[in-house]
Amino acid sequence: MISFEKYVRAESLQQAYELYQPIKNVVGGGMMWLHLSNAEYDTFIDLCDLGLNEIEEEEDYFKIGSMVTLSQLERNESFKEYFGSAFEDALKHIVGVQFRNCATVGGSICARLGFSDVITLLLPLETEVEFFNRGRMSLEKFLTAPNKRDILKYIYIPKKKRIIRYESVRKTYTDIPVLAICAVKNDDGYLFSVGCRPAIAKLIKPEEEVTFGSNQRGSKEYRQHLYSVLKERMMKEMEEE
Amino acid sequence: MQINLRINHENIRAEIDPDMTLQKFLRSQKYFSVKCGCETSNCGACSILLDGKPVLSCSVLAARAEGHEIETLEGLQKEAEEIGGFIADEGADQCGFCNPGYIITAIALFKENPDPSDEEIKIWLSGNLCRCTGYEGQMRGFIKYREWRNGR
């Protein structure tokens, strides 16, 4: 369990950013993974009072506050209209309803976890992230850029016509995936996001090679085999739609 | 630091450590239906309602509950007895340690969706672990509770 001396509810993004600069301070989202660490911090910075817990629907995109919970994403009715059941399919396996009522989209993105279903899902949807200091950039760029001490404000997902599928393989229902794939079909063709390789999710075209690795949940060869089967299956399903 | 919150419709003011979890705080206030299970956000034994939504109290800071409404089974006795009876009738409570977590989640489910499908019940209860039984008893109990509640 993490420990810290001081708890501060940030009153502004500027204050949160400034407090976050010393390495001994930490920003918490839902705290689901963070609280498992044994790290000792001086100050815990809570963003819960900054109005970042809403999903706003604009004409061309959805603007999602970084403190929006996974349950809010899973149950958003407008998402179903634009993304079908993709959000539900990707998030329903994450531990349980109670967990998803706490875990935040910002925490899921900033932690850059290799097994993240959230990142695997958002990558092929042309998602952008907006930070307090660094401004707005694609999620793909953020994932490959050096990590900097900054505050994630919003996530933007454009409203576009596309077919989306999400598939994952797990040893048990609510376990971390052995492999996760989000496939998108739009006017330009197919785009895949492959997560839990076990490295962080990566965007690829169908003809591109993906590199896999081994860990406790599965070998490199097993993941490669799963990927080739799921990719073909998903493309076939989307072709028929 | 000091926090002000409502627990089971009662205003509470208390001194806490800044890094104290809600689970530890609630147990320190004698709400023993909130169990210490895995304490790694997995088992659901510490489930409580925060503003009506089920959450894992082992992963929520007590400081973050400032100004919020907390409900534990101590404040939901009638519902707990009803649902608990159906679980017991199906032999799904060998040691009973996981029961409060199951019941809190079920209360939240039936409040949000009075007539959930079997699949919806499974999805809602998948965050609660039971190490004595095979989950079949709990499922039977909740399905029978649903049928009884809806007069079927």
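**Entry 1. Helix H4 of chain B**

I began with helix H4 of chain B, residues 118–125, and found its buried residues to be B:Ile121, B:Trp124 and B:Leu125. These residues lie on the same side of H4(B), because they cover an arc of only 90° around the axis. I then looked up what covers them: the cover includes H5 of chain A, together with helix H3 (99–112) and helix H5 (136–149) of chain B. I note here that the model is a predicted one.

**Entry 2. The contact between the chains**

I next turned to the contact of chains A and B. I recorded 23 residues from chain A and 23 residues from chain B. On the side of chain A that touches chain B, the elements giving two or more residues are strand S1 (3–9), strand S3 (40–46) and helix H5 (97–100) of chain A. S1(A) supplies the largest share of that side, 5 residues. Sorted by class, the side of chain A that touches chain B holds 13 nonpolar, 6 polar and 4 charged residues.

**Entry 3. The parallel sheet of chain A**

I followed S1 and S3 of chain A into their sheet. This is an open sheet of 3 strands in the order S1-S3-S2, with parallel pairing. Its edge strands are S1 and strand S2 (25–28) of chain A, each of which pairs on one side only. On average, neighbouring strands of this sheet are turned by 30° against each other, direction ignored. I found 4 bridges joining S2(A) to S3(A), which run parallel. Within this part of the sheet, A:Asn25 stands opposite A:Thr43 in S3(A).

**Entry 4. The antiparallel sheet of chain A**

I then examined another sheet of chain A. Here 4 strands form an open sheet in the order S9-S10-S11-S12, and the pairing is antiparallel. Strand S9 (163–169) and strand S12 (202–204) of chain A are the edge strands, each pairing on one side only. The twist from one strand to the next averages 20°.

For S10(A) (residues 179–186) and S11(A) (residues 189–195), I recorded 7 bridges, with the two strands running antiparallel. A:Ala180 stands opposite A:Gly195 in S11(A). I also noted that helix H9 of chain A, residues 220–240, lies across S9, S10 and S11 of chain A and runs at about 30° to S10(A).

**Entry 5. A residue in S9**

I selected A:Ile164, which has its place in strand S9 of chain A. Is this residue, A:Ile164, buried or exposed? A:Ile164 is buried, because 23 other C-beta atoms lie within 10 Å, and the cut-off for burial is 20 or more. Leaving aside residues up to four places away in sequence, A:Ile164 touches A:Phe83, A:Gly84, A:Ala86, A:Cys182 and A:Val184. I checked A:Phe83 in particular: A:Ile164 and A:Phe83 are 81 residues apart in sequence, but 6.5 Å apart in space from C-alpha to C-alpha.

**Entry 6. A cis peptide bond and positive phi values**

I looked for exceptions in the backbone. Most residues other than glycine have a negative phi, and most peptide bonds are trans. A cis peptide bond joins A:Arg197 and A:Pro198, with omega about 10°. A:Pro198 lies in the loop between S11 and S12 of chain A.

In chain B, I found B:Asp51 with phi near 50°, a positive value in a residue other than glycine. B:Asp51 lies in the loop between strand S3 (47–50) and strand S4 (53–56) of chain B. It counts as partly exposed, with 13 C-beta neighbours inside 10 Å.

Phi of B:Tyr135 is near 75°, also a positive value in a residue other than glycine. B:Tyr135 is found in the loop between H4 and H5 of chain B. With 15 C-beta neighbours inside 10 Å, B:Tyr135 counts as partly exposed.

**Entry 7. The hairpin of chain B**

I then looked up strand S1 (residues 2–7) of chain B, which pairs with S2(B) in the antiparallel sense over 6 bridges. B:Asn4 stands opposite B:Arg13 in S2(B). The hairpin of S1(B) and S2(B) has 2 residues between the strands, and in it B:Asn8 takes a positive phi near 50°. How many of the 6 residues of strand S2 (residues 10–15) of chain B are buried? The number is 0, so S2(B) lies largely in the open.

**Entry 8. Chain A as a whole**

I closed with chain A overall, which has 9 helices and 12 strands. Its C-alpha trace spans about 55 × 45 × 30 Å along the principal axes. The radius of gyration of chain A is 18 Å, which agrees with the value near 18 Å for a compact globule of 241 residues. Of these 241 residues, 44% count as buried. Among contacts in chain A between residues at least 6 apart in sequence, 60% join residues at least 24 apart.

Notes: Residues are numbered from 1 along each chain as its sequence is written. Chains are lettered from A and ligands numbered from 1 in the order in which they are written. This is a predicted model: local features need pLDDT of at least 70, side-chain atom pairs count only at pLDDT 80 or more; totals for chains, interfaces and linings use all residues. Two strands pair if DSSP finds at least two bridges between them. Axes are lines fitted to C-alpha atoms, for helices over the stretch in contact, and angles run from 0 to 180 degrees between N-to-C directions. Two residues are in contact if their C-beta atoms, placed from the backbone, lie within 7 Å. The radius of gyration is taken over C-alpha atoms; the globule rule is 2.2 Å times the number of residues to the power 0.38. A residue is buried if 20 or more other C-beta atoms lie within 10 Å of its own, exposed if 12 or fewer, and partly exposed in between; C-beta atoms are placed from the backbone. Ala, Val, Leu, Ile, Met, Phe, Trp, Tyr, Cys and Pro count as nonpolar, Asp, Glu, Lys and Arg as charged, and the others, Gly among them, as polar. The arc is that of the directions from the helix axis to the C-beta atoms.
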